[in-house]
Amino acid sequence: QLAMLEGRLDGRDVDKRYRETEIKKVDMTSRGFFEAVPAKVVVNKELRMSAGDDGMGSTKHIEFDLKGTCIEYHTADNLAICPENDPEMVKQAASFLGLNLDEWFHMEYDRYELGPIFPTPCTVRTALSCYISLN
């Protein structure tokens, strides 16, 4: 299992897509897409299940292998997880929308807007896989 993680940056740029963007202002809710690095899930334990108002709740203990990344995680740091959509669901969404998964695109931003919501240029496949929730 892989997850895209964003954590303490150790004073260095994490993702060259973020470094190369000429747009200085990035929507804060999207920052993780620009700073995320892949990390392997090495432990995923269910600690407890509980019934909540909307069904079952869950508390998990999850550990990531951060070796080879520039991420340092310390107690009480914030962590953003950017999951990837199921490849079959991505294919279905592209088909429904009439999009070519391998086509590249670039989003233009008005100088008065908050900034990019995810890094472009990228392929339709990358956008539907990594930056858009399809569930």
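In this predicted model, the face of helix H3 that is turned away from its buried side carries the exposed residues Ser95 and Phe96. The helix itself spans residues 87–97, and its buried residues are Val90, Ala93 and Ala94. These three lie on the same side of H3, because they cover an arc of only 95° around the axis. Helix H4, formed by residues 124–131, is included in what covers the buried residues of H3. H3 thus presents a buried side, with Val90, Ala93 and Ala94, and a face turned away from that side, with Ser95 and Phe96.

Both ends of this helix have features that can be described in local terms. At the N-terminal end, Asp86 acts as the cap: one of its side-chain oxygens lies 2.9 Å from the backbone nitrogen of Glu88. At the other end, H3 is followed by Gly98, which has a positive phi, near 70°.

Before H3 in the sequence comes the loop between strand E3 (55–65) and strand E4 (80–82), in which Tyr73 is located. Asp77 is found in this loop between E3 and E4 as well. How is Asp77 placed with respect to the surface, buried or exposed? Its relative accessible area is 15%, and Asp77 is therefore buried, since the limit for that class is under 20%. A polar atom of the Asp77 side chain lies 2.8 Å from the backbone nitrogen of His74.

Tyr73 falls into another class. Its relative accessibility is 41%, so Tyr73 counts as partly exposed; that class lies between the 20% and 50% limits. Together with Leu79 and Ile81, Tyr73 makes a nonpolar surface patch of about 270 Å². Ile81 falls within the residue range of strand E4, 80–82.

These local details belong to a chain with four helices and six strands. Read along the sequence, the elements follow the pattern β-α-α-β-β-β-α-β-β-α. How much of the chain is buried? Of its 135 residues, 30% are buried. The accessible surface comes to about 9,700 Å², and carbon and sulfur atoms account for 52% of that area.

The contacts of the chain can also be described by separation along the sequence. Among contacts with a separation of 6 or more, 56% are made by residues 24 or more positions apart. The covering of the buried residues of H3 (87–97) by elements that include H4 (124–131) may be viewed alongside this figure.

Key:
Residues numbered from 1 in each chain as written. Predicted model: local features only at pLDDT ≥ 70, side-chain atom pairs only at ≥ 80, totals over all residues. Heavy atoms only, no water. Patch = residues over 30% accessible without salt bridge, like charges linked within 9 Å, V, L, I, M, F, W, Y side chains within 5 Å. Areas by Shrake-Rupley, 256 points an atom, 1.4 Å probe, with all protein chains shown as cover. Salt bridge = Lys/Arg side-chain N within 4 Å of Asp/Glu carboxyl O. Helix = DSSP H or I, 4+ residues; strand = E, 2+ residues; numbered from the N terminus. Buried < 20%, exposed > 50% of the residue type's maximum accessible area, 1.4 Å probe, protein only. Polar contact = N/O pair within 3.5 Å; in protein donor to acceptor, adjacent residues only side chain to side chain. Arc of directions from axis to C-beta. Contact = heavy atoms within 4.5 Å.
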